[in-house]
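Trainee: Could you take me slowly through one part of this protein, namely the places where charged side chains pair up? I would like to see how each pair sits in the chain and how far it is covered by the rest of the protein.

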Amino acid sequence: MSVGSTRIALLAAGVLTCGLVAAPPATATTTLCPVARSMVSADQYWVANGPNQASNNWLNATFQVGNLAMVRTTGVANHVTAPWAAANHYQLQSSTTQPFFPDFEAAGEAYLALQYFHPNPANLTALRDRVAAEVMSVQQGHTTYWNYVDALNMAMPSFAELGVLDNSSADLTTMHTLFEYTKTHLYDTQVGLWYRDPSFVGSNTFWSRGNGWAFMAMTKVLAALPTTDPHRAEYVQVFQRMAHALRPLQRPDGLWNVDLTNPADHPGPETSGTAMFTYGLAWGVNNGILPAAVFTPIVQRAWHGLTTVALQPSGLLGYVQGVAGSPSGGQPVTASDTAAYGVGAFLLAGQQIAKLTPGC
């Protein structure tokens, strides 16, 4: 049975309503394709065992975006994202000293994703207010907020989606202005990869997850923007350049090293960066932006590595580097190391792999 047929069956049985209800019995997942089963396994393990799931921080926001991708792909829901957003009153984290700190805006992407299931403009009020204030600040010349590469994924997708949703050229222009600052200061055009922050510029250290954040941001922005956007070609160029830079750096087991260009530096598999790359590369193939003949084997090898090396029979997604800002952070990375953002990225990757997989 296909995923679509499974979804219809669950609807008919009253198990799935509005995309967000209690998960069906475990036996129902046996009708899913292997890609979908792996997604459900990782998702359900995290929901049952993951710590500190209440906060609307960037870690949980990344998981919740992936969780909704899992629901849309598999038809299996677990009733966690809408209650999480409601418990946080659809608000963003804030700081008086850093009013536009990108990490504090990450939850906005999850609130936007929830609109697919529960369209309610009021739930985007806090995000709209934050973006509007940032637009005004940038127009006044303050353009340095996205000064570390993680910022691209924490804030850029919300700018893109909200800008398109509201038909706001100001949002999209501000997004591009902030992106240009980050690109100018952190993107190595010769290598095709990003430095995590200014302290690494000129070094040979290209952190896997840092580049994963950038690649996910490019993917999400391209998915949101119309073909008529005046800056889309630039985003495509960066996306394609990154893809071709990442291709020869893939390990034989399908994963990528934590230090992309120095495999001897903290060697071993790392899941979060790999999942982010897999998501973006598979999306590029699915949408004709990357040549299928070249990149389909790459993403298939990556997914095989993620599901055979990182994903354990229990559903624990291991080898996820802990919270860090460089390859050396959160070391050593082991088979039992997992985190919300790793699972979220894995679920986004699975969504795109499913589209590439016959029968899913």
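Mentor: Let us begin with the total, keeping in mind that this is a predicted model: the structure holds six salt bridges. As a general point, side chains of opposite charge can pair when their charged atoms come close.

One of the six salt bridges joins the side chains of lysine 220 and glutamate 109, with a distance of 3.0 Å from N to O. Lysine 220 belongs to helix H9, which covers residues 208-224, while glutamate 109 belongs to helix H5, covering residues 107-114, and the pair therefore ties together parts that are 111 residues apart in sequence. Are these two partners buried or exposed? Lysine 220 has a relative accessibility of 8%, and because buried means under 20% relative accessible area, lysine 220 counts as buried. Glutamate 109, with a relative accessible area of 7%, is buried too.

A second place to look at is centred on arginine 196, whose side chain meets that of aspartate 150 in a salt bridge of 3.2 Å, again taken from N to O. Aspartate 150 lies in helix H7 (residues 150-165), whereas arginine 196 lies in the loop between strand E2 (193-194) and H9, so this pair ties together parts that are 46 residues apart in sequence. Both aspartate 150 and arginine 196 are buried, and for arginine 196 the relative accessible area is 18%.

Arginine 196 also forms a salt bridge with the side chain of aspartate 197, at 3.2 Å from N to O. Aspartate 197 is counted as buried as well, at 14% relative accessibility. Taken together, Asp150, Arg196 and Asp197 are linked in a network of salt bridges, and arginine 196 is the residue that appears both in the pair with aspartate 150 and in the pair with aspartate 197.

It is useful to set beside these pairs another acidic residue, aspartate 43, which lies in helix H2 (residues 34-49). Aspartate 43 is buried, with a relative accessible area of 0%. Which side chain does the side chain of aspartate 43 join in a polar contact? The partner is asparagine 78, and the polar contact is 2.4 Å. If residues up to four places away in sequence are left aside, aspartate 43 touches Phe63, Asn67, Met70, Asn78 and Leu347, so that asparagine 78 appears both among these neighbours and as the polar partner.

Notes
Residues are numbered from 1 along each chain as its sequence is written. This is a predicted model: local features need pLDDT of at least 70, side-chain atom pairs count only at pLDDT 80 or more; totals for chains, interfaces and linings use all residues. Side-chain values use heavy atoms; hydrogens and water are left out. A salt bridge is a side-chain nitrogen of Lys or Arg within 4 Å of a carboxyl oxygen of Asp or Glu. Helices (H or I, at least four residues) and strands (E, at least two) are DSSP runs, numbered from the N terminus. Buried means under 20% relative accessible area, exposed over 50%, partly exposed in between (1.4 Å probe, protein chains only). A polar contact is a pair of N or O atoms within 3.5 Å; within protein, one must be able to donate a hydrogen and the other to accept it, and residues adjacent in sequence count only if both atoms are side-chain atoms. Contact means heavy atoms within 4.5 Å.
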